[in-house]
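Got your viewer open? Let's walk through this one together, picking selections as we go.

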Amino acid sequence: MIGVRSDVCMDLGNGLANGQGKHPLFSFGVISDVQYADIPDGHSFLGVPRYYRHSILVLQRAVKNWNDHKNLNFVINFGDIIDGKCPKDQSLNAVKKVASEFENFHSPVYHMIGNHCLYNLPRDNLLPLLKIPNHGDGRTHAYYDFSPTPGYRFVVLDGYDISAIGWPHDHPNRLEALKILSEKNPNSDKNSPEGLKGVDRRFVMFNGAVGNKQMEWLDNVLKDATNMKQKVIICCHVPLDPGATSKTTLLWNYDQVMNLIHRYDCVKVCLSGHNHQGGYSVDSRGVHHRVLDAALECTPGTNAFGYIDVYDNMLSLVGTDQMKSTEFSFDF
C-alpha cells in the first residue's frame, strides 16, 4: 500500500475513505520510537541512518496533525521516547521535553515503555513521568487496560516485565532475565544474536518477556472482555508475531503470550513498535499484527505517524509518509 499524505488526513478521518461510507466509532493517533536525543545524526548497528534531533520535529508535526483532525479521542505512543545514546546527564530533561510535546495534544495520551526508555531512567522514575498506570507492587509494573467505548478494550502489555534493563541490580525480574539470556544466548555480548538461528535470535538483551503475574492478569482481562462482548486491541512495544517483524525484535515469550491470546476470540489486532522498518502479518488464528514504523528514522522533512479509525468489524490505519496505511478486517 502507498503512504497517505498528511494534507489529506482530515478528509480520510471522516470515515469516508474506507468503502463503508460511515463514521468510525472512535479514532486515535499512533506514533512509535521517537528516540529523541540532542546529539548529531548517527546510525543503527546495521548502518541505518538515525535522525536524533529531527525525530522531535516529527512528533511536533504529528501532534499538530492530530489536533487539526479534531476527532481523535486519544493517542497511543508505542515506546522508546528517547534514545539510549542520550547523554545520561540529559536523560531526565529529555524525557520531560518529549513528554511535554505529547501533552500539547488536546486529549489523553497513553504511553508504554521501550528498551531505550529504560537505558535512560529506572522504572520508578520513568513511569510517573509518563503517567503510566500500573498493577502490582508500587510503581514498577507498566501494564494496564482501558475502554474508550463499551465495545472495545485496549490492553497495554509491559514487554520488559522480565528484563535485564530498568530493574534494580538484584531485582528478581532482572535475575530471571539474566538466567534466560545465559541459557539461550552464548555470546559474551548479550545484545548480539550472532550464531542464533531463526526465532532464537530474539534472545538478546534489548528484548524482554511478559512475567507470570502479568500473564495471569492478561488472562483475567481477556476473560472479562469476552464476558462483556468486547473486542480487544493488544498494544506492546515488542512485537508478538514473527511474520510481522525481524526475528531479533520479538518478545522472548511471544509464543506463550499468543497461545494465551488465541484461547480467546476477542483479540482482533496486536499493535507494536521496536522494529523500526515496521511490518504486517495475519497469524494462523486470524489476528492482525501491525508493527509501526519509527519516527527516528525519518529523513528530514518526512514523517512516520498516523491515526486509526475504529469500526465494528474493521480498523483503518491512515499513515503518513513512511508509516504505510493498513486496513484490518475481522469478524464480529
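Before we start clicking, one term: two residues are in contact when they have heavy atoms within 4.5 Å. Also keep in mind that what you're looking at is a predicted model.

**Stop 1: the whole chain**

Show the protein chain as a cartoon and you'll find eight helices and 14 strands. Turn it around: along the principal axes, the C-alpha atoms fill a box of roughly 55 × 45 × 40 Å. How does the radius of gyration fit with a compact globule? The chain has 19 Å, which agrees with the value near 20 Å for a compact globule, because that is what goes with 332 residues.

Now switch on the surface. The accessible surface comes to about 13,700 Å², and carbon and sulfur atoms hold 51% of that. Of the 332 residues, 58% count as buried. Contacts reach across the sequence too: taking those with a separation of 6 or more, 66% are between residues 24 or more positions apart.

Next, colour by charge. There are 32 positive and 36 negative side chains, and the centres of these two sets lie 1 Å apart.

**Stop 2: D158**

Select D158, in the loop that runs between β7 (152-156) and α6 (172-184). Is D158 buried or exposed? D158 counts as buried because its relative accessibility is 1%, and the cut-off for buried is under 20%.

Show the side chain of D158 as sticks and look for two backbone nitrogens. One belongs to Y160, which the D158 side chain reaches at 3.0 Å. The other belongs to A142, where the distance to a polar atom of the D158 side chain is 3.2 Å.

Then bring up what else D158 touches. Leaving out residues up to four places away in sequence, you'll see I113, R123, H141, A142, Y143, A209, V210 and Q214. So A142 turns up twice on this stop: its backbone nitrogen is 3.2 Å from the side chain, and A142 is among the residues that D158 touches.

**Stop 3: S281**

Now jump to S281 in strand β10, which covers residues 279-282. S281 is buried as well, because its relative accessible area is 9%.

Which side chain does the side chain of S281 make a polar contact with? Select D241: the distance is 2.6 Å. Finally, add the other residues around S281. Setting aside neighbours within four places in sequence, S281 is in contact with D241, G243, A244, V287, H288 and H289.

Note on methods:
Residues are numbered from 1 along each chain as its sequence is written. This is a predicted model: local features need pLDDT of at least 70, side-chain atom pairs count only at pLDDT 80 or more; totals for chains, interfaces and linings use all residues. Side-chain values use heavy atoms; hydrogens and water are left out. Helices (H or I, at least four residues) and strands (E, at least two) are DSSP runs, numbered from the N terminus. Buried means under 20% relative accessible area, exposed over 50%, partly exposed in between (1.4 Å probe, protein chains only). A polar contact is a pair of N or O atoms within 3.5 Å; within protein, one must be able to donate a hydrogen and the other to accept it, and residues adjacent in sequence count only if both atoms are side-chain atoms. The radius of gyration is taken over C-alpha atoms; the globule rule is 2.2 Å times the number of residues to the power 0.38. Accessible areas come from the Shrake-Rupley method with a 1.4 Å probe; for residues, only the protein chains shown count as cover. Lys and Arg count as positive and Asp and Glu as negative; His and the chain ends are not counted. The place of a charge is taken as NZ of Lys, CZ of Arg, CG of Asp or CD of Glu.
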